[in-house]
Amino acid sequence: MTKSSSPERRQTDDTLCLRILQTTDLHMRLLSYDYFADRPSPHGGLARLAPLIEHARREAANCLLLDNGDFLQGTPMGDLFADPAMIDSAGIHPVIAAMNAVGYDAATLGNHEFNYGLPALDRALRDAAFAIVAGNISRPGGPTMKSWAILPLRVTDTAGHAHTLRIGLIGLAPPQITAWDRSALNGAVRTQGICDAAHAHVPAMRAQGADLVIALAHTGIGAAQDRPDLENAAVPLAAIDGIDAVLCGHQHLTFPGPRFHGLAHVDAAAATIHGKPAMMPGSWGSHLGVMDLMLRRRAGDSWRVGDHAVALRPAPDSAADDPGVQRAVSSAHTATLSHIRQRVGHTTRPLHSYFTLIADDAAVQLVAEAKRTRAAELLRDTPHAGLPLLAAAASFKTGGQNGPDFYSDVPAGPLSRRNLADLYLFPNTLQAIEVTGAQLRDWLERAAGIFRQITPGHPDQSLREPDFPAYNFDVICGLRYRIDLSQPARFAQDGTLRDQDIHRIADLTFDGRAISPDERVVVATSSYRIGSSLLAPLGALPIVLDSREPVRDVLRRHIARTDTITPSCRAVWRFAPMPPGTSAILDTGPGAASYLDQPGLPAVEPLGRTPQGFIRLRVPL
Ligand code: MN
Ligand code: MG
């Protein structure tokens, strides 16, 4: 006897494969062009990923393309189009035009989307032809932001039957956005802990009929234990019931990958966190994340994720840019080129960041001097005018995971706007804070956490703590001090005080005299620094100047005062001397080779190239 075909089919399981494609941290890398150097770039960018995206789509019956945020900022093109009037004249923001052309289904917002303030963000997002979700960001009294969305996707199962899959997407980002961009946001944005927001929203998404929930989490993979201000929260996030997969970002790293071996609840080979599929496809269009989820449904039951496969496909270093992206971006490209080529002055000496971790750095000092000079003008006739005024600055481009080309490198000669962007990468504004002598010293102790402890008398010890971002290596100009690497760091990387008696900062003086712990000074710095975790252990820091002026504009006007500058390199800091035979290893960019005889540099010894293309130097201590 034959049963009718319909009930027969209902007794078997439905299975289907859903492919999720992910990009993250594009940072305005759209075409393969380096606007800092004004030359074609061999690397990544959305235009190099677009053919990979097309290919991955053709391989799969059911496919979704998602971006994890930090797309709006990162190149001079991003800075130029932060001006809503520029977007108006172009019709559409170039990154949105490019993402529309490639056909994204949804995106979330990263922390850098907030760098230029809300009017710039709103204007850019207005033309997005894809959903935008931000689950832990709200705008009290402002327009509503979608916390999550359910995208209905017509899918085909393995038997060839059509279904509508209701895909829940929730966006999440570091809650520190409000601190990092406090000045630009001016209280108009509130954030919630990443896991707190997920706990609040995921049950509602399920109740609204989401067949599965994917977290678009602009967050990295780190601590196992949640706390409300956890910046890299992917591990506790993955543990939350109702979330089926976690797309990560923010750290600019790759997952699966060896970097994450040994972390609790993380399987860096199987690409899972708490057993759930996860991925992080690098940054700047370096990789396309490809996650295949096998979904199964028993008759009358809901879809469940079974097996999965995750692969990161690297963008080819030599390939033509995708014509669709090129078309979408071509007028913005032309506008950016003419902007970055505008002359702003002349330097008689080169400015670069190759040795910023081992010696005084003229480029850092130039930025600090520009900040100090402008802050002095703005503080004139205020109660703080009588206090000593210092300035802090750090190099933003120091290789590391961004590779051997990621250094500031401005030759002697004419200066154009692109050189300013090379010297000061971010759209932070000038601010100044009042600190005590004790806080000043702890600030330097925090910055000195970038170095590993060095055993006296031993050669070739690794200098740099790999997970400490070099942009946190603040140098405070106007002071003189030594950094004693025979001592452990006073603070752990998370800011915890290790021991009251540990000090790396020695011989700290101002104007030739020691600084007392309770005297008050003003330090010109940036809007980002004041809200950053680097200074969190210092406690309350009264802001005495909020200029709203981008540091890069401050620098441009500083140079324009004299037109020709002769950057000087004053003695600010040095390593405390160690016994003979003590040396450290520093990897720096190959461009450093031209500057090895620079005055003031320790007698470094080149040891050849690393597999990644860095120059390895032996640094006598
Ligand atoms: Mn990023
Ligand atoms: Mg980020």
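How far apart are the magnesium ion (ligand 2) and the manganese ion (ligand 1), and which residue coordinates both?

## Two metals, one shared residue

The two ions sit 3.3 Å from each other, and Asp-70 is the residue that coordinates both. Keep in mind that this is a predicted model. With Asp-70 as the bridge, let's take each metal in turn.

## Around the manganese

Besides Asp-70 (OD), the manganese ion (ligand 1) is held by Asp-25 (OD), His-27 (NE2) and His-252 (NE2), at 2.1 to 2.3 Å. Read along the chain, these donors follow the pattern D-x1-H-x42-D-x181-H. Asp-25 comes from the loop between β1 (14-23) and β2 (33-34), while His-252 comes from the loop between β12 (245-247) and β13 (254-255), so this pair ties together parts that are 227 residues apart in sequence. As for their surroundings, Asp-25 and His-252 are both buried.

## Around the magnesium

Now for the magnesium ion (ligand 2). Its protein donors are Asp-70 (OD), Asn-111 (OD1), His-218 (NE2) and His-250 (ND1), and they lie 2.1 to 2.3 Å from the ion. Their spacing in the sequence is D-x40-N-x106-H-x31-H. Here Asn-111 sits in the loop between β5 (106-108) and α6 (118-125), and His-250 in the loop between β12 and β13, so the two of them link parts that are 139 residues apart in sequence.

Are Asn-111 and His-250 buried or exposed? Both are buried.

## Pulling it together

If you want a place to start looking, try Asp-70, which bridges the manganese ion (ligand 1) and the magnesium ion (ligand 2). From there, look for His-252 on the manganese side and His-250 on the magnesium side.

Conventions
Residues are numbered from 1 along each chain as its sequence is written. Chains are lettered from A and ligands numbered from 1 in the order in which they are written. This is a predicted model: local features need pLDDT of at least 70, side-chain atom pairs count only at pLDDT 80 or more; totals for chains, interfaces and linings use all residues. Side-chain values use heavy atoms; hydrogens and water are left out. Donors are N, O and S atoms within 2.8 Å of the metal (3.2 Å for Na, K and Ca); water is not among the atoms, so sites may look incomplete. Helices (H or I, at least four residues) and strands (E, at least two) are DSSP runs, numbered from the N terminus. Buried means under 20% relative accessible area, exposed over 50%, partly exposed in between (1.4 Å probe, protein chains only).
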